Amino acid sequence: MATEYISTIFASAFLAILFLLHFLKRELDPSWRMISEYEIGRYGWMMRLAFFCWGASVLGLLITIWPTLSPISGTISRWSFVLIVIALFGAGIFKTDPITNDTNSLVNTIHKICGVIVILTFPIAATLAVRSLLHNCLLYTSDAADERSSVDLGGRRIIKKKKHLQHEG
């Protein structure tokens, strides 16, 4: 099974677990509470599993796109995603304290650091990865793209750039 399918399976598992937790722990209002608080209590193991699924999904995505990322922005996004994977696994390992708790434990502090890394780094890494992937592809309209090595994506085709070698003669 290819890594892109594994990534999709883990992302779906993360979303399914999170969706289920919204119904199992109705006392937590997701509009002002962080999803980390689902780790507290009887169903805490499910949120930990969700964090591991999310981390595995990002890891699968990273493995899938790694070779196609361009040198500069691709390198930054690669290592940002590595950091995000570590932080997501860390969020699953280190349990948070309740938001109403006045004291901070070391485990809670590590969990918060992992959360901040994910929240602040994910948008930057995703933007750089998309920029890098788009840099390696040319977008053409369906009318202008006649090549067989293209993929139709809802009216647009993506045609990979071909490196042309010039022969000296």
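**Exercise A: Gly-60 and its surroundings**

Classify Gly-60 as buried or exposed from its relative accessible area, and state which residues contact Gly-60 beyond four places in sequence.

*Solution.* Gly-60 has a relative accessible area of 6% and is therefore buried; that class requires under 20% relative accessible area, whereas exposed means over 50% and partly exposed lies in between (1.4 Å probe, protein chains only). The model is predicted: local features need pLDDT of at least 70, side-chain atom pairs count only at pLDDT 80 or more, and totals for chains, interfaces and linings use all residues. Residues are numbered from 1 along each chain as its sequence is written, and side-chain values use heavy atoms, with hydrogens and water left out.

Next, Gly-60 is placed in helix 2; helices (H or I, at least four residues) and strands (E, at least two) are DSSP runs numbered from the N terminus. Leaving aside neighbours within four places in sequence, Gly-60 is in contact (heavy atoms within 4.5 Å) with Thr-3 and Ser-7. The C-alpha atoms of Gly-60 and Glu-4 are 6.2 Å apart, although 56 residues separate the two in sequence.

The view from the partner residue completes the picture. Ser-7 belongs to helix 1 and counts as buried because its relative accessibility is 9%. Beyond four places in sequence, Ser-7 touches Ser-57, Gly-60 and Leu-61.

**Exercise B: the overall fold**

State how many helices and strands the chain has and in what order they run.

*Solution.* The secondary structure comprises 4 helices and 3 strands. Read from the N terminus, the order is α-α-α-α-β-β-β.

The global values follow. The chain has 169 residues, of which 32% are buried. Of the contacts with a separation of 6 or more, 55% join residues 24 or more positions apart. The accessible surface is about 11100 Å², with 67% belonging to carbon and sulfur atoms; areas come from the Shrake-Rupley method with a 1.4 Å probe, and for residues only the protein chains shown count as cover.

**Exercise C: the nonpolar core**

Identify which members of the largest nonpolar core touch the most other members.

*Solution.* A nonpolar core is a set of buried Ala, Val, Leu, Ile, Met, Phe, Trp, Tyr and Cys residues joined through side-chain atoms within 4.5 Å. The largest such core holds 25 residues, and Met-47, Phe-81 and Ile-84 touch the most other members. Two or more residues each come from helix 1 (3-24), helix 2 (44-65), helix 3 (71-93) and helix 4 (106-135). Helix 2 contributes the most, with 8 residues.

Ile-84 serves as a worked case: beyond four places in sequence, Ile-84 touches Val-58, Val-118, Thr-121, Phe-122 and Ala-125.

**Exercise D: cysteines and a surface patch**

Report how many disulfides the whole structure has, and classify Cys-114 as buried or exposed.

*Solution.* With a disulfide taken as a pair of cysteine sulfur atoms within 2.5 Å, the search finds 0. Cys-114 lies in helix 4 and counts as buried because its relative accessibility is 9%. Cys-53 likewise counts as buried, at 7% relative accessibility. Beyond four places in sequence, Cys-114 touches Ala-87, Gly-90 and Ala-91. The C-alpha atoms of Cys-114 and Leu-88 are separated by 6.7 Å, with their positions 26 residues apart along the chain.

Helix 4 also contains Leu-120, which counts as exposed because its relative accessibility is 55%. Leu-120 joins Met-34, Val-116 and Ile-119 in a nonpolar surface patch of about 400 Å². Patches are made of residues with over 30% relative accessible area and no salt bridge, with like charges joined within 9 Å and nonpolar side chains (Val, Leu, Ile, Met, Phe, Trp, Tyr) within 5 Å.

**Exercise E: charged residues**

Determine which side chains meet in a salt bridge, and whether Glu-39 is buried or exposed.

*Solution.* The criterion is a side-chain nitrogen of Lys or Arg within 4 Å of a carboxyl oxygen of Asp or Glu. The whole structure yields 1 salt bridge: Glu-39 with Arg-48, at 3.8 Å from N to O. Glu-39 is buried because its relative accessibility is 2%, whereas Arg-48, at 27%, is partly exposed.

Finally, Glu-37 lies in the loop between helix 1 and helix 2 and counts as buried, at 6% relative accessibility. Its contacts beyond four places in sequence are Lys-25, Leu-28, Thr-96, Pro-98 and Ile-99.
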